[in-house]
Each structure stands twice: as structure tokens, then as C-alpha cells.
Amino acid sequence: LYYLLRQPDGTPAQVDALYWNFGLHNTGSDTLPGQAGPVAEYAPYLRKIAAELSGWAARTGTKLMFGVTTPMLNNAATDAVVMSNNRDAASIAAEAGIPTLDMHAAVVGKCGAVPQDGCFGQKGCFSPHCVPAGYEWLANSTIAPAIRKLLE
């Protein structure tokens, strides 16, 4: 974790805010190191990451924000796991004093309820990935305003 919080030369990063996300790849029972893990491992790992980042942020003065996972628009069963993970994430973040950003609700508000074929004119958009227009919309309508507010 800490190698991500350092500059290329190894010096600690000095940042005003750190926005992070964790969870889309913990929706099944399979494990693929570095890419996917079982649902049962999601909350314990997230709790550890949140605790480590909270301590780091307290030492550095960095403001943290956690983004809950976007929906799996084309698969209601997988999206139910995403929503369960998101509830766990919101609880863990609250315990650690980390504000959350609900990207799931933002995408569903824009694209419609799960299940559906896609969004932004793209079949499979947010299932799990999307076209650049979808990410641009999410960044501009949801993520950037939340980070600006965090930094006020």
C-alpha cells in the first residue's frame, strides 16, 4: 500500500486529497491474484486499507474520500453483490471517519435501474467498464465536484 503513497524516487507523496475505490473485483468466489478476490475477503481487506490510510492521512494532513463501486448494469445478481460490498464499504469508511461518494447511485440515476444493456449509447457500459464518455460524465458530474467540496 505505501509504495502507492510515494513519489517515483521513494519520497513520501504530499497531497491535499486522496480519492480511492476498492471492490468491483470482489464479486465472486474466484481468486485471481492482483485482479479478483472472493466476496468474503472484501470487508477484511477494506478495513485494513482504511485503517492504514486513515493513519497515513492523519500524519500527512491529507483528506480522504472513498468512492463506492459503480453498478454492474447488465447483471442483477452481480450488482446485488456490489451493493452489499458498497454497504460494507460505507460502514467501514464511516468507522474510519472517511467520507464516501456513492458512484453507484450516480450511475443508476443517469443510466437507469439494473438490469439493462448499457448506457451512453454503449451496450455493456458499466458492466463493468464504460466508454470514455461515461467516465468523463462520472468524473465531471460526480467525482470532481465531490473532491472540490472535500478540499473547501
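**Figure 1. The open sheet of the predicted model and its strand order.** In this predicted model, three strands form an open sheet in the order 1-2-3, with parallel pairing, where strands are DSSP runs (E, at least two residues) numbered from the N terminus and two strands pair if DSSP finds at least two bridges between them. Strand 1 (17-20) and strand 3 (100-102) stand at the edges, each having a single partner strand, so one side of each is left without a neighbour in the sheet. Neighbouring strands of this sheet are turned by 20° against each other on average, direction ignored; axes are lines fitted to C-alpha atoms, for helices over the stretch in contact, and angles run from 0 to 180 degrees between N-to-C directions.

**Figure 2. Strand 1 beside strand 2, with helix 4 on the sheet.** Strand 1 and strand 2 (residues 63-68) pair in the parallel sense over four bridges, and the bridge partner of leucine 18 in strand 2 is leucine 64. Helix 4 (residues 132-151) packs on the sheet, where it touches strand 1, strand 2 and strand 3, contact meaning heavy atoms within 4.5 Å; the direction of helix 4 makes about 155° with that of strand 2. Helices are likewise DSSP runs (H or I, at least four residues).

**Figure 3. The buried face of helix 3 and its cover.** The buried residues of helix 3 (residues 103-111) are Met103, His104, Ala106, Val107 and Cys111, buried meaning under 20% relative accessible area with a 1.4 Å probe, protein chains only. Seen down the axis of helix 3, these buried residues fall within an arc of 165°, taken over the directions from the helix axis to the C-beta atoms, so they line one face of the helix. The cover over the buried residues of helix 3 includes strand 1, strand 2, helix 2 (76-95), strand 3, strand 4 (118-119) and helix 4.

**Figure 4. The two ends of helix 3.** Aspartate 102 caps the N-terminal end of helix 3, with a side-chain oxygen 3.2 Å from the backbone nitrogen of histidine 104. Just after helix 3, glycine 112 takes a positive phi of about 105°.

**Notes to all views.** Residues are numbered from 1 along each chain as its sequence is written, and side-chain values use heavy atoms, with hydrogens and water left out. Because this is a predicted model, local features need pLDDT of at least 70 and side-chain atom pairs count only at pLDDT 80 or more, whereas totals for chains, interfaces and linings use all residues.

Definitions and conventions
Buried < 20%, exposed > 50% of the residue type's maximum accessible area, 1.4 Å probe, protein only. Polar contact = N/O pair within 3.5 Å; in protein donor to acceptor, adjacent residues only side chain to side chain.
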